[in-house]
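Take a look at the model below and get comfortable turning it around. We'll walk through it together, one piece at a time.

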Amino acid sequence: MKFSLVIAVFACTFCLAVSDKVKFKDCGSTAGKIVSVDINPCPKMPCEFKRGTKVGASITFQSSEASTAVKSVVHGILGGIPVPFPLPDSNACNTMSPKCPLATGSQYVYTNQLEVLQSYPSLAVLVKWELIDPNSKDLVCFEIPVRIV
């Protein structure tokens, strides 16, 4: 058990060390406050997501409410229309530290990877990433400009 915890802490630390803090637009975080958003790779804006790769995301936030569950949802906004980007696991509690349940006023780090499929067209898109509580309120909502290349 202790060995697993050490590995998890090392992995999270490594991911944060190689990720890039990005400028984001808060799009309605009503039940939490975003501390930082790190995207790997994203050395400059707009972020370039290369087809056939995975993009890592790490979101540090402070919860304004207690919650037993958190769902992660990602969309690409094209011409004002949200198009879903599937995640390998939409249960944000599975990749959050500390784990759920969330406590009011506590800080959390959510990490996940978004697969950029080879079949995606090369285009500019606004990526909207949300962490949603069981009452469909946004704990976290941010948008970043992306170019799929």
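What follows is a tour from the overall layout to the sheet, the core, the rings and the charged pairs.

First, some ground rules: this is a predicted model, where local features need pLDDT of at least 70, side-chain atom pairs count only at pLDDT 80 or more, and totals for chains, interfaces and linings use all residues. Residues are numbered from 1 along each chain as its sequence is written, and side-chain values use heavy atoms, with hydrogens and water left out.

Let's start with the big picture. The protein chain has 1 helix and 11 strands. Here helices (H or I, at least four residues) and strands (E, at least two) are DSSP runs, numbered from the N terminus. Reading along the sequence, you meet the pattern α-β-β-β-β-β-β-β-β-β-β-β. How much of the chain is buried? Of the 149 residues, 39% are buried, where buried means under 20% relative accessible area, exposed means over 50%, and partly exposed is in between (1.4 Å probe, protein chains only). Now think about contacts, meaning heavy atoms within 4.5 Å. Among contacts with a separation of 6 or more, 65% are between residues 24 or more positions apart.

Next, the sheet. Five of the strands, in the order 1-3-5-9-8, form an open sheet with antiparallel pairing; two strands pair if DSSP finds at least two bridges between them. The edges are strand 1 (20-21) and strand 8 (96-97), and each of them pairs on one side only. Strand 1 is joined to strand 3 (residues 32-40) over 2 bridges, and D20 has I39 as its bridge partner there. Further across, strand 5 (residues 53-63) runs antiparallel to strand 9, with 10 bridges joining them. Within that stretch, Q62 stands opposite Q107. Strand 9 also pairs with strand 8 over 2 bridges, and S97 stands opposite V109.

Stay with strand 9 for a moment, since it has two faces to look at. Which residues are on the covered face? They are Y108, Y110, N112, L114 and V116, while Q107, V109, T111, Q113 and E115 make up the uncovered face. One residue of the covered face, Y108, is in contact with S63, which belongs to strand 5. S63 counts as buried, at 2% relative accessibility.

Now go inside. A nonpolar core is a set of buried Ala, Val, Leu, Ile, Met, Phe, Trp, Tyr and Cys residues joined through side-chain atoms within 4.5 Å. The largest one here has 36 residues, and I39, F49 and W129 have the most contacts inside it. Strand 3, strand 4 (47-49), strand 5, strand 9, strand 10 and strand 11 each supply at least two residues, and strand 11 gives the largest share, 6 residues. Try zooming in on F49: leaving aside neighbours within four places in sequence, its contacts include I39, L114, V127 and I144.

Time for the rings. Rings of Phe, Tyr and Trp (its six-membered ring) pair if their centres lie within 6.5 Å; planes under 30 degrees apart count as stacked, over 60 as edge-to-face and the rest as tilted. The count comes to 5 aromatic pairs. In one of them, F24 and F142 sit edge-to-face, 6.2 Å centre to centre with 70° between the planes. F24 lies in the loop between strand 1 and strand 2 (25-26) and F142 in strand 11 (residues 138-148), so this pair ties together parts that are 118 residues apart in sequence. F24 is partly exposed at 30%, whereas F142 is buried at 0%. Ring pairs also link F24, Y110, W129 and F142 into a cluster.

Last come the charges. A salt bridge is a side-chain nitrogen of Lys or Arg within 4 Å of a carboxyl oxygen of Asp or Glu, and the whole structure has 4. One of them joins D38 and K21 (3.4 Å, N to O); D38 is in strand 3 and K21 in strand 1, 17 residues apart. Are these two buried or exposed? D38 counts as buried at 3%, and K21 as exposed at 63%. Another salt bridge links R147 and E48, with the closest N and O atoms 2.7 Å apart. R147 lies in strand 11 and E48 in strand 4, so this pair ties together parts that are 99 residues apart in sequence.
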